[in-house]
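Biologist: I am new to reading protein structures, and I would love a close look at one part of this one. Could you walk me through it step by step?

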Amino acid sequence: MRALRLPAWKSEPELVEVPDPEPGPGQVVIKVGGAGACHSDLHLMRDFTGGLPWAPPFTLGHENAGWVHAVGDGVTGLEPGTAVAVYGPWGCGVCERCRLGVETYCENPAGAPVPAGGGGLGLDGGMAEFMLVPDARFLVPLPDGLDPVAAAPLTDAALTPYHAVRRSWAKLPPGSTAVVIGAGGLGHLAVQILKATTAARVIVVDTREQARESALRHGADHAVAPGERAAGEIREATGGRGADVIIDCVGAQETLALAGAVARMLGDLTIVGIAGGALPVTFGSPPYEVSVQSTYWGTRPELSEVLDLAARGLIRAEVTTFPLDQAVEAYHRLENGELTGRAVIVP
Ligand code: NAD
Ligand code: ZN
């Protein structure tokens, strides 16, 4: 089969011929129906040189959905042809965190299929005709009304902001304001998740006009361009109080500075983007009792919740599809800021 492989750190991915995967005991091979192109893959191609517990080469694609193709010995309840989403972060399955479905924060990484990774992050992902899923528990059958192309981006671009928003639900009652910085793949879904699951007013910030317009189409109440006036504009829109919750889907120096400047006392500032910025924390800055945290992906139960929101039409990934032989082009367009929503590779 053909697969889009990352051959080494700081390299361009290559479309190459590789053997079809075969499922071992407890494993499942899916026929890939869609694989999302995440900005994190650009960080893998451009920024990382090591420092992770895994390394290339591997097949890219960590946002995947498709159909059960072949099951290994001992796998029950997954008939070939069943449409499934792949839960991406693969933990050991038996530590305290994994037993609760929080496989992102597995405490026994040596017992996982790959330490602190998954398919497309250390092991082979979904930018190929078939994908080996090392344990049937990582597959969630798709609810009626959701196909693999629509579902693929939900497994990360929706699951990640869903996890971030969900942990801040208590701070988002009617009358509150949430700010989403970066309205791309994750951000346009963060807006919809906030609208579907809270009563907060939603303000987005993005450098690109087309991303701001996309966010407004997807339900944002207000869109702001970054720059000198952005913080004032956001404070004004909140009656001077500031934002109760900020989800920073960029994580650069300037976005964290903006987030710190517009946070409301007692609010949450959640860093989702991995652009490498830092936020100095000192007495009274950011404002008193603002909780600052980073979050990584989401939990297995949360993926089912995200799929339910989508099946009921409450959230929807805006998708541009590309065939596998144009996957490199899709990443270039993502890098150049030429896409809205998410690019999904359809092998
Ligand atoms: P994307 O490229 O689709 O979207 C990023 C958006 O941010 C774009 O619309 C861009 O115009 C905007 N932007 C860039 N710089 C900006 C700035 N200074 N101010 C305002 N807007 C700015 O990327 P994505 O796939 O949505 O990923 C977003 C980030 O989240 C990436 O850093 C990615 O690696 C990271 N990520 C983190 C997790 C996690 O678990 N924490 C999961 C997936 C992705
Ligand atoms: Zn574990």
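Which domains does the domain assignment of the protein chain give? Please look closely at the place where they touch, and then at one residue, Ala190.

Modeller: Happy to! Keep in mind that this is a predicted model. The domain assignment of the protein chain gives domain 1, made of residues 2-156 + 298-346, and domain 2, which covers 159-294. Between the C-alpha centres of domain 1 and domain 2 there are 27 Å. Where the two meet, 23 residues of domain 1 are in contact with 17 residues of domain 2. On the domain 1 side, helix H1 (39-46) and helix H9 (300-311) each supply at least two of the touching residues. H9 gives the largest share of that side, five residues. Sorted by class, the side of domain 1 that touches domain 2 holds nine nonpolar, nine polar and five charged residues.

Now for Ala190. You will find Ala190 in helix H5, which spans residues 185-197. Is Ala190 buried or exposed? Ala190 counts as buried because 33 C-beta neighbours lie inside 10 Å, and the cut-off for buried is 20 or more. Setting aside neighbours within four places in sequence, Ala190 is in contact with Pro161, Val165, Val180, Ile247 and Cys249. You can also find Ala215, which is 25 residues from Ala190 along the chain, with 9.4 Å between their C-alpha atoms.

Conventions: Residues numbered from 1 in each chain as written. Chains lettered and ligands numbered in written order. Predicted model: local features only at pLDDT ≥ 70, side-chain atom pairs only at ≥ 80, totals over all residues. Domains from an automatic or database assignment. Contact = placed C-beta atoms within 7 Å. Helix = DSSP H or I, 4+ residues; strand = E, 2+ residues; numbered from the N terminus. Nonpolar A, V, L, I, M, F, W, Y, C, P; charged D, E, K, R; others polar. Buried ≥ 20, exposed ≤ 12 C-beta atoms within 10 Å, placed from the backbone.
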